[in-house]
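Me: I would like to go through this model slowly and learn how each label is earned. Could you take my questions in turn and show the reasoning behind the answers?

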Amino acid sequence: MTEKGKIKRVFPGGNTGCGFYSFYDYLISPDATRIFVIKGGPGVGKSTFMRHIGEQMAEKGFDVEFHCCSSDNGSLDGVVIPALKIALVDGTAPHIVDPKNPGAVDEIIHLGDFWNETQMRAVKENVLKTNARVGRLFKIAYHSLAEAKTIINEWESYTAEAQNWAKVNEITFTLLRDINKMVAQPNYQAFTHSRHLFASAISPKGPQTHFPNILEGVTKLYSLKGLPGSGKSTLIKKVATFCQDAGLFTEVYHRPLDPHKLDGVLIPSLKLAVVNSGLPFTFEPADIPGLAHLVNYDLSDFLDNNIVATYKEEISGATQRLRAAFNRGADYIRQAKSEHDYLETFYIPAMDFPRINAKRDEILERILKYAEEMK
């Protein structure tokens, strides 16, 4: 009996303080075998189409990546089968994807071919109105998250002033020395040493992280905690840069609120990772299966408490304002999801799902044929 493949969950895009931020260029390597770009409106079955194929390939023993939607906790934006270098990706807004190498690599599957145009034209005004409302709610959400990003930058400035950076640098040096001892040979891959994604998301259900799933198979983990500005992202960035310079392929995970900062780096060839396990995307590192070596660092331990006390009032105010702005942003994302669900109700009755399922099965058979050809 074939052992079931592992399903890995990540986010290729996110709702951030910089608006919607996409790492879709890192969905699959440039030397892809086939990329199926799926187009169609909300509720036409794009996510279900991709999920079914991904689950079937996992059942047949292939490891599969589910690229989850940050704006819908139950939906997928893409499915990748790394061993076959095959991807299926939602090519609709806000992550618009168009073929770069039509025919040779990429092709469009348009699920709009399976809707009843007469039914869709009958609900045109409702679709336009609801679509506009969804867009407006996301704009409000992004204004709130931008405010939260500004507030956390203020908070970070107080912490950074109080930090003993010599201690942080000492930990960084120790960590890089440990990694260097493990490096047997370079491990170059098609993403020019690094692949960029999100492990966590500001979702309709609030903060959500897939780090526990992503870290399955890691045997050595460095877990970082600490107040904003204590140096977690800076330390992780130094590790990522060191690994890339050493020729090690890395998966670099960005911070959802500020995608220019880092929350983690995974070095698959060493089965090693360095991650931020603190607020608001918390998880318990000790619960990760197969972990042989866990090192915990709380960078807040090195703060000068006298300096922190000097800014007690400012930090308290920033904490309250940050919580309010973050929660407001998450609430508007939730409202946008609700409106999007309503938008789907106009599309679902107009869809010919038996024909969509037939198309899905046809694509699955083609993927299995690719797998046979690669044996």
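Me: How many disulfides does the structure hold, and how do you know that?

Reply: This is a predicted model, and the count comes to 0 disulfides. A disulfide needs two cysteine sulfur atoms within 2.5 Å, whereas the sulfur of C68 is 8.8 Å from the closest cysteine sulfur, which belongs to C69, and that is too far for a bond. Starting from C69 leads to the matching result, because the closest cysteine sulfur is that of C68, again 8.8 Å away.

Me: Why is C68 called buried or exposed, and what about C69?

Reply: The word buried is used under 20% relative accessible area. C68 has a relative accessibility of 8%, so it counts as buried, and C69, at 12%, counts as buried too.

Me: What makes the rings of Y158 and Y311 a pair, and why is the pair called stacked?

Reply: The structure holds 9 aromatic pairs. In the one formed by Y158 and Y311, the ring centres are 4.8 Å apart and the planes meet at 25°; since the limits are 6.5 Å for the centres and under 30 degrees for stacking, the rings pair and the pair is stacked. This pair links distant parts of the chain, with Y158 in helix α3 and Y311 in the loop between α7 and α8, 153 residues apart. Both Y158 and Y311 are buried.

Me: Why is the pair of Y342 and F346 called edge-to-face?

Reply: Here the centres lie 5.0 Å apart and the planes stand at 70°, and an angle over 60 degrees is what the name edge-to-face requires, so the pair of Y342 and F346 receives that name. These two residues are 4 apart in helix α8, which means that about one helical turn separates them. Their accessibility falls into two classes: Y342 is partly exposed, with a relative accessible area of 42%, while F346 is buried, with 11%.

Me: Which residues form one aromatic cluster?

Reply: The cluster is formed by Y21, F23, Y26 and F198. Two of its members, Y21 and F198, are also among the residues that G14 touches, leaving out residues up to four places away in sequence. G14 itself sits in strand β2 and counts as buried, because its relative accessibility is 5%.

Me: How do you know that K4 and E59 form a salt bridge, and what does the bridge tie together?

Reply: A salt bridge needs the nitrogen and the carboxyl oxygen to be within 4 Å, and the side chains of K4 and E59 meet at 3.4 Å, N to O. K4 lies in the segment before β1 and E59 in helix α1, so the pair ties together parts that are 55 residues apart in sequence. E59 counts as partly exposed, because its relative accessibility is 45%. In the whole structure the count comes to 17 salt bridges.

Me: What makes D31 and K85 a salt bridge, and why is each residue called partly exposed?

Reply: The closest N and O atoms of D31 and K85 are 2.7 Å apart, which satisfies the limit of 4 Å. Partly exposed covers the range between 20% and 50%; D31 has a relative accessible area of 38% and so belongs there, as does K85 with 32%.

Me: How do you know that K337 and D72 still qualify as a salt bridge, and are they buried or exposed?

Reply: Their closest N and O atoms are 3.9 Å apart, and the rule accepts pairs within 4 Å. K337 lies in helix α8 and D72 in the loop between β5 and β6, so the bridge ties together parts 265 residues apart in sequence. K337, at 18% relative accessibility, counts as buried, and D72 is buried as well, with 17%.

Me: How do you know that the buried residues of α9 lie on the same side?

Reply: The buried residues of α9 are I356, R360, I363, L364, I367, L368, Y370 and A371. They cover an arc of only 150° around the axis, which puts them on the same side of α9. These buried residues pack against β4, α1, β6, β7 and β8, while the face turned away from them carries exposed residues, including P354 and E365.

Methods: Residues are numbered from 1 along each chain as its sequence is written. This is a predicted model: local features need pLDDT of at least 70, side-chain atom pairs count only at pLDDT 80 or more; totals for chains, interfaces and linings use all residues. Side-chain values use heavy atoms; hydrogens and water are left out. Buried means under 20% relative accessible area, exposed over 50%, partly exposed in between (1.4 Å probe, protein chains only). Rings of Phe, Tyr and Trp (its six-membered ring) pair if their centres lie within 6.5 Å; planes under 30 degrees apart count as stacked, over 60 as edge-to-face and the rest as tilted. Contact means heavy atoms within 4.5 Å. The arc is that of the directions from the helix axis to the C-beta atoms.
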